[in-house]
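Me: I would like a close look at a single part of the model shown here, followed by how that part sits within the whole.

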Amino acid sequence: MQRFEMVINGESCPSASGEWFDTENPFTAQTWAQIPRGNGTDVDRAVQAAHAAFSTGPWSQMSPSQRGLLLHRVGDLIARDAQKLAALEVRDNGKLMAEMLGQCQYLPQWYYYFGGLADKVQGTVIPLDKKGYFNFTRNEPLGVVAAITPWNSPLLLATWKIAPALAAGCTIVIKPSEFTSASTIEFAKLFAEAGFPPGVINVVTGFGADVGSPLVEHPLVKKITFTGADSTGRKINEAAARQFKHVSLELGGKSPNIVFDDADLDDAVNGAVSGIFAATGQTCIAGSRLLLQESIYETFVDKLLTLARTAKMGDPSSMDTQVGPVTTRPQYQKVLSYIETAKQEGASLLLGGKPGSAPECGNGWFIEPTIFGDVNNKMRIAQEEVFGPILSIIKFKDEDEAVALANDVRFGLGSGVWTKDIGRSIRVAEKLQAGMVWVNSYRAVSYMSPFGGYKDSGLGRENGIDAIREYLQTKSVWINTGVKTANPFVMR
Ligand code: NAD
């Protein structure tokens with residue numbers, strides 16, 4: 001049995017309590033490793049280390065260009081180890097090797113991009129309306145950042161936080177999901193190898209209540225960046241508000257994938273399948289509501305079922321597997337219960353609806369790609385995030401109805417529009433209440449392009465130039481160039 005230790009102040013260590021918990025492989029449903037079960041003591045050690053690194057350590061003395069160089073170096077090390085990191089991710093979260101390898105090979109770009117940005121954070125000289133003053137701004141790092149991540153794409157989602165936070169000059173304490181901690185621990189070691197000073201990046205492991213909560217509450221943590229469920233995000237936001245902490249939240253979604261009758265239907269079928277069955281539906285941007293124009297409903301559903309039936313379930317480490325297991329045991333139960341809910345609500349089961357029973361599925365937590373037709377947008381299956389391979393198909397008449405249905409959920413993360421009419425694509429993109437709109441595409445992301453949610457899908461943006469601002473605060477410096485102080489009882 002492998003054991004992975006926390007990373008605090010540049011050193012590997014067990015938890016203060018000496019307790020461990022098991023982590024399971026979703027394909028075999030067997031425990032494969034043990035992770036330290038942290039608590040508030042570990043959190044305090046990690047935050048103190050991050051605080052010391054930020055305020056007095058060598059990191060605090062480095063120029064932005066030196067920080068950028070370190071970020072470049074770690075990017076190179078991630079590229080070197082991409083295969084190894086991807087294998088670890090697959091073992092721990094059950095996602096496809098094809099997907100995780102692609103992600104791990106892409107990660108270095110975040111470090112090159114934000115490394116390049118580190119020394120381009122500039123203040124401004126303000127041409128003041130008041131004579132006798134020189135006024136300029138500085139953009140300063142916020143301090144210690146707490147990064148709390150979910151289980152679906154541990155290293156990608158951690159990277160979206162680590163790269164801009166370190167580029168800004170902050171230090172970081174990461175709390176990975178209790179279901180998938182191993183990869184983040186191994187990842188953090190690469191930063192020491194790249195030459196990051198101790199305390200700049202720390203990893204504390206354990207459960208939300210034992211580790212996540214004290215981390216959010218710690219007075220030396222100045223910023224919380226969280227990806228996970230909206231219910232957890234709400235609790236974190238409330239706790240952070242009590243100490244006026246900065247917060248970014250990337251929460252869930254119930255994203256519409258809208259197909260108009262003028263679309264290239266074969267492309268749109270591919271987009272619908274990739275929107276919901278890629279990553280076994282366990283992505284926050286899953287296109288879990290397929291909105292179909294009524295004139296193409298039957299034709300489209302036929303084509304969709306034909307393609308979805310070919311999806312190959314099995315060992316996620318095989319490059320030709322298309323649908324892997326669900327990552328966690330509780331999530332597996334949750335997805336199955338939503339299938340029952342949809343049936344009770346009157347949705348028509350068109351495909352799947354059962355645990356995967358093919359021999360290739362072994363004992364893994366597999367669920368067949370599942371499609372429900374005749375879904376009404378008011379049903380729970382259309383309103384609540386399932387986070388599994390379950391697609392709801394909803395019919396619409398025209399553009400106005402499509403937009404109204406698309407927006408009639410409390411979430412607003414992703415959205416897809418399939419049409420050959422450029423005017424329509426722009427009209428609809430403008431009206432959709434979502435942080436990302438993909439036209440004739442779905443589920444594309446880049447380090448260069450902002451990512452985040454409207455409505456209950458979150459606060460703040462990751463990726464793109466402005467992401468670094470999430471880790472900075474502005475100071476305005478006023479210098480009197482020689483004006484004599486006047487009446488002290490009046491504002492200048
Ligand atoms: P989760 O909210 O249960 O857990 C996320 C993290 O929060 C874990 O590390 C967990 O231990 C921690 N946590 C739990 N309670 C906490 C508390 N009280 N205080 C502090 N930390 C706490 O989410 P999950 O089940 O791991 O992930 C699935 C969810 O993540 C889905 O809702 C999905 O949509 C969302 N997600 C969003 C994005 C995005 O970018 N918008 C990306 C991926 C996943």
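Why is strand β12 (residues 246–250) largely enclosed by the rest of the structure?

Reply: In this predicted model, strand β12 is largely enclosed by the rest of the structure because 4 of its 5 residues, in the run 246–250, are buried, where buried stands for under 20% relative accessible area.

The pairing of β12 can be described partner by partner. With strand β11 (residues 221–227), β12 pairs in the parallel sense, and 5 bridges connect the two; within this pairing, Ser 248 of β12 is the bridge partner of Thr 225. To pass from β11 to β12 the chain runs through helix α10 (residues 230–242), and the resulting β-α-β crossover is right-handed. With strand β22 (residues 458–459), by contrast, β12 pairs in the antiparallel sense, over 2 bridges, and here Gly 458 of β22 is the bridge partner of Glu 250.

From this strand one can turn to the nonpolar interior. The largest nonpolar core holds 88 residues, of which Tyr 111, Ile 162, Phe 187, Phe 196, Val 259, Phe 300 and Leu 304 touch the most other members. Helix α7 (residues 154–168) supplies the largest share of this core, with 11 residues. Because domain 1 (2–251 + 457–476) and domain 2 (256–439) both give residues to this core, it lies between them. Taking Ile 162 as one example, and leaving aside its neighbours within four places in sequence, one finds this residue in contact with Tyr 111, Ile 172, Ile 174, Phe 187, Phe 191 and Ile 201. Apart from the largest core lies another, of 30 residues, which includes Val 335, Ala 402, Leu 405 and Val 428. As a general background, nonpolar side chains in soluble globular proteins tend to be buried together.

For the protein as a whole, the secondary structure comes to 16 helices and 23 strands. Its radius of gyration is 24 Å, close to the 23 Å that the globule rule gives for 492 residues, so the protein is as compact as a globular protein of that length. Along the principal axes, the C-alpha atoms fill a box of roughly 80 × 60 × 40 Å. Of the 492 residues, 57% count as buried, and, among contacts in the protein with a separation of 6 or more, 74% are accounted for by residues 24 or more positions apart.

Definitions and conventions. Residues numbered from 1 in each chain as written. Predicted model: local features only at pLDDT ≥ 70, side-chain atom pairs only at ≥ 80, totals over all residues. Heavy atoms only, no water. Buried < 20%, exposed > 50% of the residue type's maximum accessible area, 1.4 Å probe, protein only. Pairing = 2+ DSSP bridges. Right-handed = clockwise from strand over helix to strand, strands pointing away. Core = buried A, V, L, I, M, F, W, Y, C linked by side-chain atoms within 4.5 Å. Domains from an automatic or database assignment. Contact = heavy atoms within 4.5 Å. Rg over C-alpha atoms; globule rule 2.2 N^0.38 Å.
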